[in-house]
There are 2 protein chains.
Amino acid sequence: MKGVTTLKHSKVPEATIRRLSRYSRCLEELDERGEKVVSSAQLAGKCAVNSAQVRKDLAYFGEFGIRGVGYYVKDLLSDIKRILGSNKEWRMAVIGMGNLGSALLSYKDFLKQHYKIVAAFDIDPPKVIGRVSEKLGKPMEVLHISRIKEVAKDRKIEIGLIATPPSEVQGVADLLVEAGIRGILNFAPAQITVPEGFVVKNVFFTTILDNLAYLLSNYRPPQK
Amino acid sequence: MKGVTTLKHSKVPEATIRRLSRYSRCLEELDERGEKVVSSAQLAGKCAVNSAQVRKDLAYFGEFGIRGVGYYVKDLLSDIKRILGSNKEWRMAVIGMGNLGSALLSYKDFLKQHYKIVAAFDIDPPKVIGRVSEKLGKPMEVLHISRIKEVAKDRKIEIGLIATPPSEVQGVADLLVEAGIRGILNFAPAQITVPEGFVVKNVFFTTILDNLAYLLSNYRPPQK
């Protein structure tokens with residue numbers, strides 16, 4: 001892999017990173033099926049993008065593949081995972097054990113992709129142990145949020161998934177920052193402020209619905 | 001509001017639409033507080049973007065605000081809602097009553113923004129009625145998925161939220177298409193194909209985590 005360590009990643013559009021993640025999934029499927037080589041057109045077809053886009057996205061990170069042959073599936077997969085940082089296990093905590101927090105705890109796709117939930121927190125843990133255990137099939141002790149700093153260190157937690165009510169989200173984010181948990185995936189519909197060096201990604205369902213509503217409202221049938 | 005109906009919406013970047021949704025939330029808060037006028041700098045500060053970005057985003061849709069004064073809060077809010085299509089009630093169904101589906105049923109921010117869940121479906125409804133009722137505080141009958149076409153018509157459902165296992169998602173999408181439900185928000189980590197005129201938005205938690213992992217892996221402290 002050429003170039004990956006020398007290029008300026010900060011210039012890479014977010015949409016490119018999202019597509020790399022998609023290419024990674026598609027390449028995994030190809031690899032599982034025993035495919036050795038894939039052309040950019042085949043990869044593009046599988047991922048529902050156009051092949052020029054695939055080449056453009058990869059070009060941010062160096063030169064991949066062999067002209068006239070395509071990409072070696074295993075090599076490209078490994079390169080993309082290294083770029084994304086998904087070639088390692090990320091250890092995560094869920095904060096807030098309501099419906100959504102419980103759903104996150106039992107979300108199978110995380111583990112498949114090396115995102116491992118190693119702790120669950122709530123402000124009222126005794127109430128929820130039973131509920132979570134029942135859903136997971138195996139018990140996971142829900143801890144009181146006040147223990148997060150100690151547990152984050154012991155269990156090497158790097159990412160926190162916040163699934164509390166919106167009113168609690170900044171307070172929880174402050175605790176995560178204090179515990180040195182650098183990555184936050186925030187599901188509660190409220191903006192968070194964190195210091196330099198910490199990263200927040202919001203997953204606001206209503207914002208995504210707004211986007212869908214916009215596309216539905218502004219759809220024009222193609223001219224015949 | 002000038003221009004909104006004549007501009008080519010298809011050229012508007014998705015990131016702009018996402019930010020419009022954020023501006024809309026900020027404007028609502030300002031309106032609730034009784035603010036009449038807001039400058040682009042104030043709106044930008046509140047939404048954590050820069051003010052040039054606010055002006056650029058709005059410029060896609062015409063001219064808003066008054067030079068040297070700013071924007072009238074109520075007017076801009078109403079214009080943005082019209083642009084987004086969020087000035088009407090959208091009637092939705094949730095399909096798949098596992099943890100995530102239950103979480104979506106009780107997600108308070110939807111209703112606040114005029115997204116109303118009017119039906120819930122599962123392949124095994126009797127099992128889940130109790131669970132959903134308990135969580136919602138009020139009972140919502142979970143219906144068998146086979147009834148979706150009839151119910152979609154009766155209850156004027158326009159958007160389906162899919163929260164089934166990934167293996168079921170294309171089958172469910174086909175049923176939604178057959179029922180004339182044009183918008184799909186897909187939470188199951190699998191790609192869907194729909195005919196022209198239908199719109200799918202994916203919410204893949206793992207893809208968003210990939211993005212977060214990328215930012216964490218590639219963070220470089222600023223040069224002093």
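**A two-chain model, from core to loops**

The largest nonpolar core has 122 residues. Leu161(A), Ile162(A), Leu161(B) and Ile162(B) have the most contacts inside that core. The model is a predicted one.

Take Ile162(B) and look at its surroundings. Beyond its neighbours within four places in sequence, Ile162(B) is in contact with Ile95(B), Gly96(B), Val169(B), Val172(B) and Ala173(B). The list goes on with Ile184(B), Asn186(B), Phe187(B) and Ala188(B).

Now step back to the pair of chains. Two copies of a chain are related by a rotation about an axis and a shift along it. Here a rotation of 180° superposes chain A on chain B, with 0.0 Å of shift along the axis and an RMSD of 0.0 Å. That is the relation of a two-fold axis.

How many residues does each chain bring to the contact? Chain A gives 49 residues and chain B gives 48 residues. On the side of chain A that touches chain B, six elements each supply at least two residues. The helices are H1 (14-32), H5 (99-105), H6 (108-112) and H10 (205-217). The strands are E7 (183-186) and E8 (199-202). H10(A) gives the most, with 13 residues. By type, this side of chain A divides into 24 nonpolar, 16 polar and 9 charged residues. Of the interface residues of chain A, 98% are also interface residues in chain B, so the copies meet through the same surface.

Helix H10 deserves a second look, this time in chain B. Its 13 residues, 205-217, should span 18 Å at 1.5 Å a residue. The end C-alpha atoms of this helix are 18 Å apart, which agrees. Which residues of H10(B) are buried? They are Phe205(B), Thr206(B), Thr207(B), Leu209(B), Asp210(B), Asn211(B), Leu212(B), Ala213(B) and Tyr214(B).

Next, chain A as a whole. Chain A has 10 helices and 8 strands. Of its 224 residues, 38% are buried. Consider the contacts in chain A between residues at least 6 apart in sequence: 61% of them join residues at least 24 apart. Chain A is divided into domain 1 (9-83) and domain 2 (90-208). The centres of these two domains of chain A, taken over C-alpha atoms, are separated by 31 Å.

Tyr71(A) gives a view from another part of chain A. Tyr71(A) is found in strand E2 (residues 71-72). Is Tyr71(A) buried or exposed? With 25 other C-beta atoms within 10 Å, Tyr71(A) is buried, because the cut-off for a buried residue is 20 or more. Not counting residues up to four places away in sequence, Tyr71(A) touches Val37(A), Val38(A), Leu43(A), Phe64(A), Gly65(A) and Leu76(A). Asn218(A) lies 147 residues from Tyr71(A) in sequence. In space the two are 38 Å apart, C-alpha to C-alpha.

Finally, the backbone angles. Most residues other than glycine have a negative phi. Lys156(A) is not a glycine, yet has a positive phi of about 55°. Lys156(A) sits in the loop between helix H8 (148-154) and strand E6 (159-162) of chain A. With 10 other C-beta atoms within 10 Å, Lys156(A) is exposed. Ala48(B), also not a glycine, has a positive phi of about 60°. Where is Ala48(B) found? Its place is the loop between helix H2 (40-47) and helix H3 (51-59) of chain B. Ala48(B) is exposed, with 11 other C-beta atoms within 10 Å.

Methods:
Residues numbered from 1 in each chain as written. Chains lettered and ligands numbered in written order. Predicted model: local features only at pLDDT ≥ 70, side-chain atom pairs only at ≥ 80, totals over all residues. Contact = placed C-beta atoms within 7 Å. Helix = DSSP H or I, 4+ residues; strand = E, 2+ residues; numbered from the N terminus. Nonpolar A, V, L, I, M, F, W, Y, C, P; charged D, E, K, R; others polar. Core = buried A, V, L, I, M, F, W, Y, C linked by C-beta atoms within 7 Å. Buried ≥ 20, exposed ≤ 12 C-beta atoms within 10 Å, placed from the backbone. Expected span 1.5 Å × (residues − 1). Least-squares fit on C-alpha atoms with pLDDT ≥ 70 in both. Domains from an automatic or database assignment.
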